[in-house]
Amino acid sequence: MGAFVRPAHPGLPGDGGAAGGLRRRRAGGGRTRAAGPRGAAGGLRRHLGRRGRARPAVRHRAARPAAGGRCAVYRSGRPGADRIAPRQRGRARQCPVPVRRGLGLRHRRLPGRSGLRRAEAGARHLPQQDLVGGAGRPRLGAGGRRWHGAGLHARRLAGRHRAGHAGGQHRLAGGGSVGKRHQAAFQGEGHLLPHSRPWRAAGPAGRGAGGGPGGGAAVLPAGPGSAALGVGAVTRSVTILGSTGSVGRSTVALLDAAPEGRFRVEALVANRDVARLAEQAIRHRARCAVVADPACHAALQAALAGTGVEAAAGLAAVEEAASRPADWTMAAIVGAAGLRSTLVALGRGGTLALANKESLVCAAELVLATARRGGATLLPVDSEHNAIFQALHGQDPAGVERIILTASGGPFRDWDLARMATATPAQAVRHPVWSMGAKISVDSATMMNKGLELIEAARLFPVPEPRIDVLVHPQSAVHGLVQFADGSLLAQLGTPDMRTPIAYALAFPERLHVDAPRLDLAALGRLEFQAPDPVRFPALRLAREALQAGGGAPTILNAANEVAVALFLEGRLGFLGIAAVVEQTLESLTAPLADGLEAILALDAEARRAATGFAAGRAPAC
């Protein structure tokens with residue numbers, strides 16, 4: 001959801017190493033008074049004379065300017081990069097200070113200049129265009145949304161503002177006024193290499209991540225080498241909310257395959273699958289295992305007796321598990337039931353991998369505001385949003401023209417309406433490509449899953465709803481595409497395996513080795529795309545209308561759909577009745593903007609009661 005990392009400046013050629021910096025030499029037949037850094041450690045390049053004074057290592061001559069004044073040559077080490085600037089007359093001549101043996105490097109400097117100190121480190125992960133919000137974000141034209149959001153660095157350290165330059169100011173990543181872009185890019189405030197850790201979070205002090213309701217918002221990744229996300233740390237602690245579901249099991253499989261000591265499991269949460277939960281907790285030596293169903297508490301305690309794993313049960317225990325300190329949390333509890341634990345995890349901070357799209361659909365404003373307050377990072381795990389996230393990584397959001405989500409079309413892609421009316425739950429959950437849980441498989445069959453993803457994409461990415469498209473792609477090899485203003489189209493491709501997007505979020509900004517089948521384009525032979533049929537799959541239209549209506553409409557949409565899908569799986573509602581019940585519920589309820597968790601849950605409950613009533617009046621096979 002992120003998102004744009006500016007790589008650390010590698011150092012200019014000829015500058016003696018990664019420290020870079022501009023070498024300053026005097027021209028006009030004079031001697032070089034000071035040279036740039038030498039080697040990766042920097043330092044004053046010099047030869048010590050007999051009396052311990054610094055002598056120049058290089059002599060450099062340059063033509064005098066036409067005006068006859070002295071000039072200073074600033075050399076970057078690149079061909080043609082020298083600049084000759086006239087020296088102002090009357091300026092005091094700067095001479096080296098004698099250097100004595102054993103004198104600390106901080107004292108070696110030129111009079112009237114700052115010492116050769118270690119450079120203040122800017123945030124190495126500071127992106128060119130990140131996803132954290134506030135004023136100054138580029139818009140995508142009239143009505144376009146800013147790329148804003150809630151990120152790990154949304155917390156600002158008060159009182160640490162740095163003054164911007166008076167002229168030519170630009171808003172760079174984080175919204176900070178840092179003068180001209182090339183000045184921020186090199187960060188050569190001192191002559192030595194910067195410390196590896198930032199002195200402040202990316203972005204200006206005292207400014208939180210902002211953005212209006214419904215704008216693209218949540219993804220704020222850090223860049224390579226970021227200590228904030230624990231890159232390079234010995235161990236990253238992990239909590240999995242929904243560890244026995246499809247996404248949870250894939251996440252646990254990645255932990256199984258990871259190098260020893262790379263990850264440590266803090267807490268595992270399941271609904272009522274005690275046997276699988278206990279096995280996972282024992283194998284990964286989790287500190288805590290929780291079942292949401294209190295009736296399963298005794299069975300879980302018995303299964304974990306003598307293992308040292310704490311056992312708990314109930315919704316309060318689920319929230320307590322989400323609040324435990326963990327570097328990375330997977331939010332994979334299906335449906336609106338996962339909203340509370342998602343909010344608790346975001347309020348705690350750290351990185352949250354979001355597989356529970358319903359949280360953003362039902363309560364986007366609340367979720368993003370909580371993430372901003374907690375200083376959390378939100379990374380998308382859905383294969384489509386993860387694909388868009390990867391395609392956008394390192395790109396300027398101002399150049400994004402269109403986002404395209406792909407859909408397999410589900411098991412009924414080629415069925416006509418008459419045949420779809422007789423579809424059974426067993427047929428609906430038999431997805432032709434993906435292996436998923438029952439609820440999401442039915443959502444794929446109705447294409448409501450893609451409608452919910454469309455709403456989620458509008459919350460995450462810098463594109464307004466009219467520029468988010470959906471294409472049916474039967475091969476499921478292309479998971480998402482981004483079109484840019486120059487006509488370029490970037491796509492992320494891969495085999496349909498949820499371990500790939502999960503691994504990308506789990507190790508971000510690094511990449512884990514995943515033992516998944518590799519995509520063989522030659523064997524695949526062709527890639528097909530087609531527009532979805534709005535008559536046979538009205539759920540996609542309903543989701544787009546709910547997004548356009550705003551307010552509580554997406555909450556009503558999601559609640560009615562969850563009720564209708566559950567009734568269909570129980571055999572109490574026909575397949576075509578799912579979209580019909582959702583549409584009736586949306587038409588019957590007003591949709592004010594729900595302010596706060598309790599108001600959202602109240603609207604959700606009202607929509608569920610209405611949907612249940614509408615479904616009761618329909619025949620099971622309609």
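**Core.** I began with the largest nonpolar core in this predicted model, and it has 134 residues. Which residues have the most contacts inside it? I found M330 and L557. Then I asked which helix gives the most to this core. That's α16, residues 553–569, with 10 residues.

**M330.** I looked up what M330 touches, skipping its neighbours within four places in sequence. My list has T239, I240, L241, V247, T251, A353, A355, V381 and I502. I marked V247 and V381, since both names come back in my next entry.

**M498.** I found M498 in the loop between β16 (489–493) and α13 (499–507). Is M498 buried or exposed? Its relative accessibility is 16%, and buried means under 20%, so M498 counts as buried. Leaving out residues up to four places away in sequence, M498 touches V247, S250, V381, S383 and W434. So I have V247 and V381 down as contacts of M330 and also of M498, by the contact cut-off of 4.5 Å. I also checked M498 against T251: they are 247 residues apart along the chain, yet their C-alpha atoms are separated by 8.8 Å. T251 is one of the residues M330 touches, too.

**Binding site.** Next I opened the UniProt record. Its unreviewed entry puts a "binding site" feature at T244, G245, S246, V247, R272, N356, E358 and G437. V247 again: UniProt lists it here, and it's on my M498 list. I picked two of the other positions to look at.

**S246.** S246 lies in helix α2, residues 246–257. I get a relative accessible area of 25%, and the partly exposed range runs between 20% and 50%, so S246 is partly exposed. Past four places in sequence, S246 touches S435, M436 and G437. G437 is in the UniProt list as well.

**N356.** Where does N356 sit? I found N356 in the loop between β11 (350–354) and α7 (357–374). At 1% relative accessibility, N356 counts as buried. Not counting neighbours within four places, N356 is in contact with A331, I333, V334, G335, G338 and T342.

**Confidence.** Last, I checked pLDDT. The chain mean is 73, and 62% of the residues reach 70 or more. Over residues 1–97 the pLDDT is below 50, though the model has 197 contacts for this stretch beyond near neighbours in sequence. Residues 102–220 stay under 50 too, with 308 contacts beyond four places in sequence.

Key:
Residues numbered from 1 in each chain as written. Predicted model: local features only at pLDDT ≥ 70, side-chain atom pairs only at ≥ 80, totals over all residues. Heavy atoms only, no water. Helix = DSSP H or I, 4+ residues; strand = E, 2+ residues; numbered from the N terminus. Buried < 20%, exposed > 50% of the residue type's maximum accessible area, 1.4 Å probe, protein only. Core = buried A, V, L, I, M, F, W, Y, C linked by side-chain atoms within 4.5 Å. pLDDT = per-residue confidence, 0-100. UniProt positions renumbered as here; feature names shortened; annotations may be inferred.
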